[in-house]
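Please work through the exercises below with the sequence and the model at hand, and try each task before reading its solution.

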Amino acid sequence: MKIVFGCDPNASDFKEQLMAYVKELGHEVTDFGSDDPIYANVAIKCAKAVAAGEFDRGIVVCGTGIGVSIAANKVKGAYAACIHDVYQAQRAELSNHANIITMGAQVVGIELAKCMVKEYLSCTFDPESRSKNKVQRIVDFESEAQ
């Protein structure tokens, strides 16, 4: 898979370790930075690239994972899940078809983060699952005039 990464300056070392790990897992990795203290900028850049189909998935990190998740979810076609444990990592894809995960470098340790990333990347959404109508409602709402 092609995976795009981004972060704010607080999470640079954390992101670098995750990128190296994802490469070890055999995935292609692209780094969108960031030195920009406005975390929304890199989150939006990553989300746009994933939504456009340039990347299969995205992983974006800040201090808590919350801000980058909110920012990424503002991009049409981007579905970001802020995760904190392995079960959430699985369900982000299996139940919610999230094409981006976010996490907090100041919230989870690097070893847990590696486990979560491995689990997330190993899962594939089943379009015939019982979650299909729930996920489709999100997509439909996004297309409705507001």
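**Exercise 1: the nonpolar cores**

In this predicted model, the largest nonpolar core has 25 residues, and those with the most contacts inside it are Leu18, Ile59 and Met103. Determine which helices and strands each supply at least two residues of this core, which element gives the most to it, and which residues a second, separate core includes.

*Solution.* Begin with the elements that each supply at least two residues: these are the strands E1 (2-7), E3 (57-62) and E5 (100-104), together with the helices H1 (12-24), H4 (86-94) and H5 (110-122). Next, weigh the contributions, where H5 gives the most to the largest core, with six residues. Finally, turn to the second core, which is separate from that one and consists of 18 residues, including Val4, Phe32, Val50 and Val68. As background, nonpolar side chains tend to be buried together in soluble globular proteins.

**Exercise 2: the order of elements and the overall dimensions**

Describe the order of the elements from the N terminus on, and decide how the radius of gyration of the protein stands to the value that the globule rule gives.

*Solution.* First, count the elements, which are six helices and five strands. Then follow the chain from the N terminus, along which the elements run β-α-β-α-β-α-β-α-β-α-α. The radius of gyration is 14 Å, close to the 15 Å that the globule rule gives for 146 residues, and the protein is therefore as compact as a globular protein of that length. The C-alpha trace spans about 40 × 30 × 25 Å along its principal axes. As a last step, consider contacts between residues at least 6 apart in sequence, of which 68% join residues at least 24 apart.

**Exercise 3: two polar residues**

Buried residues make up 47% of the 146 residues in the protein. Establish whether Lys15 is buried or exposed, do the same for Thr102, and list the contacts of each, leaving aside neighbours within four places in sequence.

*Solution.* Take Lys15 first, a residue of helix H1. Its relative accessibility is 3%, and because buried means under 20%, Lys15 counts as buried. Beyond its neighbours within four places in sequence, Lys15 is in contact with Phe5, Gly6, Cys7, Asp31, Gly33 and Ser34. Now take Thr102, which is found in strand E5. With a relative accessibility of 0%, Thr102 likewise counts as buried. With the neighbours within four places again left aside, the contacts of Thr102 are Val60, Gly65, Val68, Ser69, Ala80, Ala81, Cys82 and Ile83.

Technical notes:
Residues numbered from 1 in each chain as written. Predicted model: local features only at pLDDT ≥ 70, side-chain atom pairs only at ≥ 80, totals over all residues. Heavy atoms only, no water. Helix = DSSP H or I, 4+ residues; strand = E, 2+ residues; numbered from the N terminus. Rg over C-alpha atoms; globule rule 2.2 N^0.38 Å. Buried < 20%, exposed > 50% of the residue type's maximum accessible area, 1.4 Å probe, protein only. Contact = heavy atoms within 4.5 Å. Core = buried A, V, L, I, M, F, W, Y, C linked by side-chain atoms within 4.5 Å.
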